[in-house]
Amino acid sequence: MNPLKSGTLDLALLAALQDQPRYGLDILNHVNARSGGLFDLREGSLYPALHRLVKAGWIESDWQPSDRGGAPRKVYRLTDDGRRALQHKRQEWQTLRGALDALLLRRAA
């Protein structure tokens with residue numbers, strides 16, 4: 001099961017960009033590493049999602065030289081609208097998490 005297919009991909013990508021700009025493969029590796037491999041994000045899902053977030057105005061990109069002297073890389077960063085979207089999605093996640101916790105956690109009455 002890939003949890004990113006259940007509507008959390010935007011949240012994961014925005015969160016991956018919250019502290020610093022990143023290029024595509026760096027985003028992919030960051031999300032996969034931070035999730036302990038649970039998300040198993042692939043390039044075929046990553047790039048269409050990044051394009052969608054650019055179109056929404058939540059992230060922007062530009063080409064920057066590679067730090068290793070190779071071909072330039074497209075680097076993505078959050079916009080101000082993206083930071084607001086991240087905050088909103090975080091609040092939605094906390095609400096959902098709280099509701100699920102209330103259903104799943106059995107407490108003595």
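Start with the whole protein chain, which has four helices and three strands (DSSP runs numbered from the N terminus: helices are H or I with at least four residues, strands are E with at least two). This is a predicted model, where local features need pLDDT of at least 70, side-chain atom pairs count only at pLDDT 80 or more, and totals for chains, interfaces and linings use all residues. Residues are numbered from 1 along each chain as its sequence is written, and side-chain values use heavy atoms, with hydrogens and water left out.

**Whole chain**

Colour by secondary structure and walk along the sequence: the pattern reads α-β-α-α-β-β-α. Switch to a C-alpha trace, and the span along the principal axes is about 65 × 30 × 20 Å. Of the 109 residues, 30% are buried (buried means under 20% relative accessible area, exposed over 50%, partly exposed in between, with a 1.4 Å probe and protein chains only).

**The largest pocket**

Next, select Leu 11, Ala 12, Ala 15, Arg 34 and Phe 39. What do they surround? The largest pocket holds about 540 Å³ of space, and those five are the closest to its centre among the 18 residues that line it. Now show α1 (9–16), α2 (24–34) and α4 (80–104), the elements that each give two or more residues to the lining. By class, the lining has nine nonpolar, five polar and four charged residues.

Some fine print for the pocket. On a 1 Å grid over the protein atoms alone, a pocket is an open set of points where a 1.4 Å probe fits, with protein on both sides within 12 Å along at least five of seven lines; lining residues have an atom within 4 Å of a point. Grid points are joined across faces, edges and corners, and the volume is the space filled by probe spheres set on the points. For the classes, Ala, Val, Leu, Ile, Met, Phe, Trp, Tyr, Cys and Pro count as nonpolar, Asp, Glu, Lys and Arg as charged, and the others, Gly among them, as polar.

**Gln 18**

Select Gln 18, in the loop between α1 and β1 (22–23). At 28% relative accessibility, Gln 18 is partly exposed. Add Leu 53 and draw a C-alpha to C-alpha distance: the two are 14 Å apart in space and 35 residues apart in sequence.

**Salt bridges**

The whole structure has five salt bridges (a side-chain nitrogen of Lys or Arg within 4 Å of a carboxyl oxygen of Asp or Glu). Here are some to click on:

- Arg 22 and Asp 26: the closest N and O atoms are 3.2 Å apart. Arg 22 is buried at 10% relative accessible area, while Asp 26 is partly exposed at 21%.
- Arg 77 and Asp 62: the closest N and O atoms are 3.4 Å apart. This pair links distant parts of the chain, with Arg 77 in β3 (residues 73–78) and Asp 62 in β2 (residues 59–64), 15 residues apart.
- Asp 81 and Arg 84: the closest N and O atoms are 2.3 Å apart. Both sit in helix α4, three residues apart, so about one helical turn separates them. Asp 81 is partly exposed at 40%, whereas Arg 84 is exposed at 54%.

**Last stop: a nonpolar patch**

Finally, select Trp 93, Leu 96, Leu 100, Leu 103, Leu 104 and Leu 105, which form a nonpolar surface patch with about 640 Å² of accessible area together. Patch members have over 30% relative accessible area and no salt bridge; nonpolar side chains (Val, Leu, Ile, Met, Phe, Trp, Tyr) are joined within 5 Å, like charges within 9 Å. Areas come from the Shrake-Rupley method with a 1.4 Å probe, and for residues only the protein chains shown count as cover. Leu 105 lies in the segment after α4 and is partly exposed, at 46%.
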